[in-house]
Amino acid sequence: MDCPRWLPLESNPEVMTKVRISVFNSKQFVSCLGMKSTWQFGDVYGLDPELLSMVPRPVCAVLLLFPVTEKYEAFKQEEEEKLKDKQQDVSPDVYFIKQTIGNACGTIGLIHAVANNQGHLEFEPDSPLKKFLEQTSKMTPEERATFLEKDESIRVTHESSAQEGQTEAPSLDEKVNLHFIAFVNVGGHLYELDGRKPFPIVHGKTSEDTLLEDAVEVCKIFMARDPQEVRFTIIALSKDSY
């Protein structure tokens with residue numbers, strides 16, 4: 001049985017945020033799913049301290065878009081084998097969902113960012129996203145993935161956002177070799193959340209004040225693995241607007 005496929009999202013924060021709500025102007029991607037706009041997604045324009053200081057604070061999540069290359073796939077396989085033997089200490093408070101829908105990594109990244117920051121974020125009373133998180137809170141990562149496959153509110157929002165991009169949306173069957181992952185702080189530890197991986201990856205300690213810098217250090221490792229690549233984008237979920 002083939003896995004369902006969605007149109008891929010662009011890395012442009014305006015796409016992450018741009019959805020049609022009735023006849024009004026575009027709002028945040030997550031606003032259409034009922035998250036209030038006190039926190040917003042915006043570009044991280046560079047990795048040096050001066051450019052990082054321009055990112056509004058606090059930051060509660062970081063998204064990385066990167067190319068899936070042969071080098072990365074080889075590393076991913078090695079990492080998985082290594083961590084199967086070396087058990088990680090993953091907090092039960094981490095919300096993790098597997099990706100079983102093709103091209104849905106952008107939305108999976110957003111879910112990871114939001115789900116692990118519900119104490120910071122605010123939702124409308126009838127928020128479909130909040131409802132999804134509540135309904136899946138006790139599920140396994142695999143069960144959450146199956147539940148997402150059947151969630152029409154999130155699927156429709158994803159599809160409309162993919163069509164809003166500055167570039168022409170590829171077909172459903174077109175192979176896309178770019179991938180979104182999220183970095184979050186849960187219990188003072190930095191977690192990499194990637195729905196293509198079997199479990200969260202722990203990257204050591206972090207804090208609300210240093211999350212962006214700590215996540216960027218991991219992003220630099222991704223970049224160093226493929227030094228000839230330039231297709232990297234970092235997006236931060238920050239309080240107050242860009």
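In which kind of crossing, left-handed or right-handed, does H6 pass H7? Keep that in mind as you open this predicted model, and let us begin with the two helices.

**Stop one: the helix pair**

Select residues 128-136 for helix H6 and residues 141-149 for helix H7. Here is the answer to the opening question: H6 passes H7 in a right-handed crossing. Their axes come within 10 Å, and the crossing angle is roughly 145°. Now show side chains. On H6, pick Phe-132, Gln-135 and Thr-136; on H7, pick Arg-144, Phe-147 and Leu-148, and you have the residues that make the contact. Colour them by class and you should find three nonpolar, two polar and one charged residues.

**Stop two: strand S8 and its partners**

Next, select residues 233-239, which form strand S8. Is this strand largely enclosed or largely open? Five of its seven residues are buried, so the rest of the structure largely encloses S8.

Add strand S3, residues 39-43, to the selection. S3 and S8 run antiparallel and are joined by five bridges. To see one place where they meet, centre on Gly-42, which stands opposite Ala-236 of S8.

Then add strand S4, residues 59-67. S4 is also antiparallel to S8, with six bridges between the two. Here, try Leu-64: its bridge partner in S8 is Ile-234.

**Stop three: the loop after S3**

Follow the chain from S3 towards helix H3 (49-52), and stop in the loop between them at Tyr-45. Turn on the surface: Tyr-45 is exposed, because its relative accessible area of 64% is over the 50% cut-off. Now draw a distance from the C-alpha of Tyr-45 to that of Val-55; the two residues are ten apart in sequence and 8.6 Å apart in space.

**Stop four: a cis peptide bond**

Move on to the loop between H3 and S4, where you will find Pro-58. Zoom in on the backbone just before this proline. The peptide bond joining Arg-57 and Pro-58 is cis, with omega at about -5°.

**Stop five: a positive phi**

Finally, select helix H4 (70-85) and helix H5 (105-115), and look in the loop between them for Asn-103. What is the phi of Asn-103? It is positive, at about 65°, although the residue is not a glycine. With the surface still on, compare this residue with the tyrosine from stop three. Asn-103 has a relative accessible area of 10% and is buried, whereas Tyr-45 is exposed.

Technical notes
Residues numbered from 1 in each chain as written. Predicted model: local features only at pLDDT ≥ 70, side-chain atom pairs only at ≥ 80, totals over all residues. Heavy atoms only, no water. Axes fitted to C-alpha atoms, helices over the stretch in contact; angles between N-to-C directions. Helix = DSSP H or I, 4+ residues; strand = E, 2+ residues; numbered from the N terminus. Left-handed = near helix turned anticlockwise from the far one by under 90°. Contact = heavy atoms within 4.5 Å. Nonpolar A, V, L, I, M, F, W, Y, C, P; charged D, E, K, R; others polar. Buried < 20%, exposed > 50% of the residue type's maximum accessible area, 1.4 Å probe, protein only. Pairing = 2+ DSSP bridges.
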